[in-house]
Amino acid sequence: MQTKNKTSVIANEKIDNKKLANAEKIILNLQQELKKYIKKGHGPFLAAIYDSKGNLVAKTANSVVNKTCSHNHAEMNAIKLAEKKLGTYDLSKYNLSIYVTAEPCMMCLGGIMWSGIKSVYYGVPSERVTKITGFDEGFKPNWFNEFKKRGITVYGQIEQSAGETVLKDYVANKHTIYKPTR
C-alpha cells in the first residue's frame with residue numbers, strides 16, 4: 001500500500017503529519033549539509049540515524065570514491081557507525097529511523113532490513129537519481145511493500161527538489177560518478 005499526500009510524498013502507511021514534518025526538517029538539513037561533505041571528497045549522499053527520542057546516533061556520507069570501497073554508501077556507513085556506537089549488530093531494540101538524501105539502492109535496502117532499523121525516510125527517488133547521475137540503483141522489486149510486511153515504515157520523496165539540486169550540482173561540477181563497466 002502506498003499512500004500519497006498533496007506534496008507527492010509517498011509512504012507505506014497512512015501518512016502521519018508529525019512524522020512527515022520531522023522528516024522534512026531532517027532531510028532538508030541533510031541536503032544542505034551534504035554540500036560540505038561533497039567539498040571534502042564524499043559522494044552525493046548523506047544518511048543519519050536517530051533514535052525514537054530524536055537523538056542523533058550516527059551520521060555520515062557516501063565514501064565510495066574517496067575510500068575506494070564500493071559498499072561505502074551513506075546508509076551502510078551510518079549503520080556501521082550506529083552498530084559500533086551501540087555495540088551490537090542488531091539495532092532493532094533501539095527503535096531507530098534512518099534518514100537519507102536519496103532512496104536507498106538495493107544493497108542499502110538489504111543492509112537496512114538486516115540491521116533492525118524500524119523506519120526509512122528518503123529524499124530523491126531512484127528513478128531521478130539514475131536520470132540525473134547515471135548511477136544504477138539496482139533491481140528493487142516491490143521493496144516498499146516488502147518492508148511493510150517486515151514492520152519497516154517507509155516515507156519517500158521528501159524534499160525531493162532540494163535533493164535533485166544537490167545531485168545536479170554534483171554532476172555539473174564533474175565529480176566522479178561510480179559505476180562499474182558492464
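Rings of Phe, Tyr and Trp pair if their centres lie within 6.5 Å. With that rule in hand, this predicted model can be read from its aromatic residues outward. Tyr-50, Tyr-99, Tyr-121 and Tyr-155 form one aromatic cluster.

The structure holds seven aromatic pairs. One of them joins Tyr-121 and Tyr-155. Their ring centres lie 5.2 Å apart, the planes meet at 35°, and the pair counts as tilted. This pair links distant parts of the chain. Tyr-121 sits in strand E6 (residues 119-124), Tyr-155 sits in strand E7, and 34 residues separate them. Both tyrosines are buried.

Stay with strand E7, which covers residues 153-156. Thr-153 belongs to this strand. Is Thr-153 buried or exposed? Thr-153 counts as buried because its relative accessibility is 13%, and the cut-off for buried is under 20%. Leaving aside residues up to four places away in sequence, Thr-153 touches Asn-12, Glu-13, Lys-19, Lys-118, Ser-119 and Val-120.

Before E7 in the numbering comes helix H5, residues 143-149. Asn-145 has its place there. With a relative accessible area of 21%, Asn-145 is partly exposed. Asn-145 and Ala-11 stand 134 residues apart in sequence, and their C-alpha atoms are 9.7 Å apart in space.

Helix H2 comes next. H2 runs over residues 74-86 and has 13 residues. From first C-alpha to last, H2 reaches 18 Å, close to the 18 Å expected at 1.5 Å a residue. Which residues of H2 are buried? They are Ala-74, Glu-75, Met-76, Asn-77, Ala-78, Ile-79 and Ala-82. An α-helix has 3.6 residues a turn, so residues three or four places apart point the same way. The buried residues of H2 pack against three strands and a helix: E3 (46-50), E4 (56-61), E5 (97-102) and helix H3 (106-115). Just after H2, Gly-87 takes a positive phi of about 70°.

Now turn to the open spaces. Rolling a probe the size of a water molecule over the atoms shows where empty space is left. The largest pocket has a volume of about 380 Å³. It is lined by 19 residues. Asn-22, Ile-26, Asp-51, Gly-54 and Tyr-99 lie nearest its centre. Tyr-99 is also one of the residues in the aromatic cluster. Helix H1 (17-39), E5 and E6 each give two or more residues to the lining of the largest pocket. H1 gives the most, with eight residues. By class, this lining has five nonpolar, seven polar and seven charged residues.

The second largest pocket has a volume of about 220 Å³. Its lining counts 14 residues, and the closest to the centre are His-73, Phe-135, Asp-136, Tyr-178 and Pro-180. By class, seven lining residues of the second largest pocket are nonpolar, three are polar and four are charged.

Other spaces are closed off. The count comes to two cavities of 30 Å³ or more. The largest cavity has a volume of about 90 Å³. Of the 14 residues that line it, Phe-45, His-73, Glu-75, Glu-103 and Glu-137 are the closest to its centre. His-73 is likewise among the residues closest to the centre of the second largest pocket. Glu-75 is one of the buried residues of H2. H2 and E5 each supply at least two residues of the lining of the largest cavity. By class, that lining has nine nonpolar, two polar and three charged residues.

The second largest cavity holds about 40 Å³ of space. Which residues line the second largest cavity? The lining is made of Pro-44, Phe-45, Thr-133, Phe-135, Thr-176, Ile-177 and Tyr-178. By class, five of these are nonpolar, two are polar and none is charged.

Last, look at the backbone. Most residues other than glycine have a negative phi, and most peptide bonds are trans. Glu-159 has a positive phi near 50°. Glu-159 lies in the loop between E7 and helix H6 (160-172). With a relative accessible area of 26%, Glu-159 is partly exposed. Lys-174 also has a positive phi, near 60°. Lys-174 is found in the segment after H6. Because its relative accessibility is 74%, Lys-174 counts as exposed.

Notes. Residues are numbered from 1 along each chain as its sequence is written. This is a predicted model: local features need pLDDT of at least 70, side-chain atom pairs count only at pLDDT 80 or more; totals for chains, interfaces and linings use all residues. Side-chain values use heavy atoms; hydrogens and water are left out. Helices (H or I, at least four residues) and strands (E, at least two) are DSSP runs, numbered from the N terminus. Buried means under 20% relative accessible area, exposed over 50%, partly exposed in between (1.4 Å probe, protein chains only). Contact means heavy atoms within 4.5 Å. Rings of Phe, Tyr and Trp (its six-membered ring) pair if their centres lie within 6.5 Å; planes under 30 degrees apart count as stacked, over 60 as edge-to-face and the rest as tilted. The expected span of a helix is 1.5 Å times one less than its number of residues. On a 1 Å grid over the protein atoms alone, a cavity is a set of points where a 1.4 Å probe fits but cannot get out, and a pocket is an open set with protein on both sides within 12 Å along at least five of seven lines; lining residues have an atom within 4 Å of a point. Grid points are joined across faces, edges and corners, and a volume is the space filled by probe spheres set on the points. Ala, Val, Leu, Ile, Met, Phe, Trp, Tyr, Cys and Pro count as nonpolar, Asp, Glu, Lys and Arg as charged, and the others, Gly among them, as polar.
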